[in-house]
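Biologist: I have a model here and some questions about how the chain is put together. Can we go through it piece by piece?

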Amino acid sequence: MHRLKVMAGVLLALFTAAGAALADTVVTGSANFAVYVAFGDSLTAGYSSGALEQTYQVNSYPALIYRQVYGNDDKFAQPLVSDPGLGSAGGILVLQSLRPVTVVPTPSVGHPINLTYPLPYNNMAVPGATLHDLLTKTQSTSASDPTDLILRQKGATQLQEGLSLKPTFVTLWIGNNDALAAATSGIAIEGVTLTPAAQFAADLKTVTDAINAEGAKMAIAKIPDVTSIPFVTAISRFVVNPATNKPVLDPSGNPIPLIGPNGPLQAGDYVLLSATAELSHGIGIPAVLGGTGKPLSDTSVLSASEVATIKAHVDAYNAAIVAVATTTSAAIVDTNSALTTLATTGINVGGVSYSSAYLTGGVFGYDGVHPTAFGYAYIANLFIDAINAHFGATIPEVDLYPFVFGPLPKSKRATLPVVEPSSSEFTSIVFTPEARRNLLQSLGVPQSIIDGKTPRPHHPHHGQ
């Protein structure tokens, strides 16, 4: 028996050594991952379904990239939070019921696991951060602001703390909140929910110049079209019969639109996921159909003109990203095209179809904004492919099998449950006021807008 134990120990040592040798054989080309730092916002932090929670954090795309290089992420520090996570109004969002589909925050919250880690984290991403925050913000500005969880009131910005580690490689995916707050709040006002393009370009150059001065190689991701996420696209602009899951038709056979702030909704207008609480009380539904006849609130609708304004800003941000990536010899990760593909044709992985559809698409979590664990693994591969192509590396892609069929690596949380898209429950989704507040606060939407106290620019009323 003793001999068997010795032999087992020898074999284990051999397998361990083989694993280490395998990790050492990963070719990173001219990219050096000796000290890898990730800058960004909630999408980099591994935020999912309205909260920071360790199951998703350990499968954040930066952690997955590091794991593909070294075989583990033991030396990639992140500000982990125990289950059920920390959101703005409780823990992670959960599906409370299917009849109707009701999403609520978990009432209890998790706690920080490694708050006393002696160095800055390798994943410095702060949920809700804008590009300008990367340069200027040093602490939380409200109870729902998670900045202190990551920066820990050391008097330094996200950029300063990350650069103090003397990184050899950096991933930068920041600027999503410079446009996202406009899409999710229904208020597209430059200087309030949209960062002016000139300011964005100037701040981005300051950030990348500072990283470049440290001698670190970079991969920079584009800003996706935030108007194509499920939070914006999940709800029909027409009145839907919950019994048939089809639009209600007028005597001429045309679908009847919901009532928006400026009259009946028109082509190109969107009803936000946060409108579901109002819709469940008959708001936005004509009185002749059993509704109140009252219009949906400004913050529940994104008009076609607002969509155009947001898209123009995203295009300008991405032009700035391409410009600085060119001057700093950084790899460009085209997350914009990837999200467009998800929203149009979808993707197929191992015979399983994925799209940007709410709940059934498999890529976005319950908040309709942030990815599932599969979504983050898919994003990690976008980064890996761009890094390999630009730096002559051969980093293997993340194996998507466990993210499709489970169990997740180092995970105890199940994959997002699949709800058949043919079911009538999709006509009666309720994204509760608490869930709405949780999400908007996490995105840095001004509190005055969340509370409905910010005036919206006047738009001509549509024909009624």
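Biologist: Where does Ile283 lie?
Modeller: A caution before the answer: this is a predicted model. Ile283 touches Glu278, Thr292, Lys294, Pro295 and Leu296, leaving out residues up to four places away in sequence. Its place is the loop between α11 and β11 (301-302).

Biologist: Is Ile283 buried or partly exposed?
Modeller: Buried needs under 20% relative accessible area, and exposed needs over 50%. Ile283 has 23% relative accessibility, so it counts as partly exposed.

Biologist: How far apart in space are Ile283 and Ile259, C-alpha to C-alpha?
Modeller: Along the sequence, 24 residues separate Ile283 and Ile259. In space, the C-alpha to C-alpha distance is 8.2 Å.

Biologist: What is the relative accessible area of Leu272?
Modeller: Leu272 sits in the loop between β10 (270-271) and α11 (276-279). Leaving aside neighbours within four places in sequence, its contacts include Ala183, Phe231, Ile235 and Val301. Leu272 is buried, and its relative accessible area is 0%.

Biologist: Which residue, 88 residues from Leu272 along the chain, has its C-alpha atom 7.1 Å away?
Modeller: Leu272 is in contact with Ala183, Thr184, Ser185 and Gly186, among others. The residue with its C-alpha atom at 7.1 Å and 88 residues away along the chain is Thr184.

Biologist: Is Gln78 buried or exposed?
Modeller: Gln78 belongs to the loop between α4 and β2. Apart from neighbours within four places in sequence, it is in contact with Gln57, Val58, Ser60, Ala63, Asn114, Tyr121 and Asn123. The cut-off for buried is under 20% relative accessible area. At 5%, Gln78 is buried.

Biologist: How many residues of helix α4 are buried?
Modeller: Helix α4 covers residues 61-70 and is mostly covered. Its buried residues include Tyr61, Ala63, Arg67 and Gln68. Of its 10 residues, the buried ones number nine.

Biologist: Which residue with a positive phi follows α4, and which follows α13?
Modeller: After α4, phi is near 85° at Gly71. After α13, phi is near 75°, and the residue is Gly346.

Biologist: Why do the buried residues of α13 line one face of the helix?
Modeller: Helix α13 spans residues 335-344, and its buried residues are Thr335, Asn336, Ala338, Leu339 and Leu342. Seen down the axis of α13, these residues share one arc, so they line one face. An α-helix has 3.6 residues a turn, so residues three or four places apart point the same way. The arc in α13 is within 165°.

Biologist: What is the strand order of the open sheet of four strands?
Modeller: Its edge strands are β1 (36-40) and β12 (331-333), each paired on one side only. Neighbouring strands are turned by 20° against each other on average, direction ignored. β4 (residues 169-173) and β5 (residues 217-221) run parallel, joined by four bridges. The order is β1-β4-β5-β12.

Biologist: Which helix lies across β5 and β12?
Modeller: In β5, Met218 stands opposite Val170. The helix over β5 and β12 covers residues 304-328 and runs at about 165° to β5. That helix is α12.

Biologist: Which helix gives the most to the largest nonpolar core?
Modeller: The core has 132 residues, and Ile211 is one of those that touch the most other members. Ile211 touches Phe39, Leu159, Leu163, Val170, Ala216 and Met218, not counting residues up to four places away in sequence. The helix giving the most to this core covers residues 373-391 and supplies 12 residues: α14.

Biologist: In the open sheet of three strands, which strands stand at the edges?
Modeller: The order is β2-β3-β15, with mixed pairing. Each edge strand has a single partner strand, so one side of it is left without a neighbour in the sheet. The edge strands are β2 (93-98) and β15 (429-431).

Biologist: Which residue in β15 is the bridge partner of Thr102?
Modeller: Strand β3 (residues 101-105) pairs with β15 in the parallel sense, over three bridges. For Thr102, the bridge partner in β15 is Val430.

Biologist: What share of the residues of the chain counts as buried?
Modeller: The chain has 17 helices and 15 strands. Of its 464 residues, the buried share is 55%.

How values were computed: Residues are numbered from 1 along each chain as its sequence is written. This is a predicted model: local features need pLDDT of at least 70, side-chain atom pairs count only at pLDDT 80 or more; totals for chains, interfaces and linings use all residues. Side-chain values use heavy atoms; hydrogens and water are left out. Buried means under 20% relative accessible area, exposed over 50%, partly exposed in between (1.4 Å probe, protein chains only). Helices (H or I, at least four residues) and strands (E, at least two) are DSSP runs, numbered from the N terminus. The arc is that of the directions from the helix axis to the C-beta atoms. Two strands pair if DSSP finds at least two bridges between them. Axes are lines fitted to C-alpha atoms, for helices over the stretch in contact, and angles run from 0 to 180 degrees between N-to-C directions. Contact means heavy atoms within 4.5 Å. A nonpolar core is a set of buried Ala, Val, Leu, Ile, Met, Phe, Trp, Tyr and Cys residues joined through side-chain atoms within 4.5 Å.
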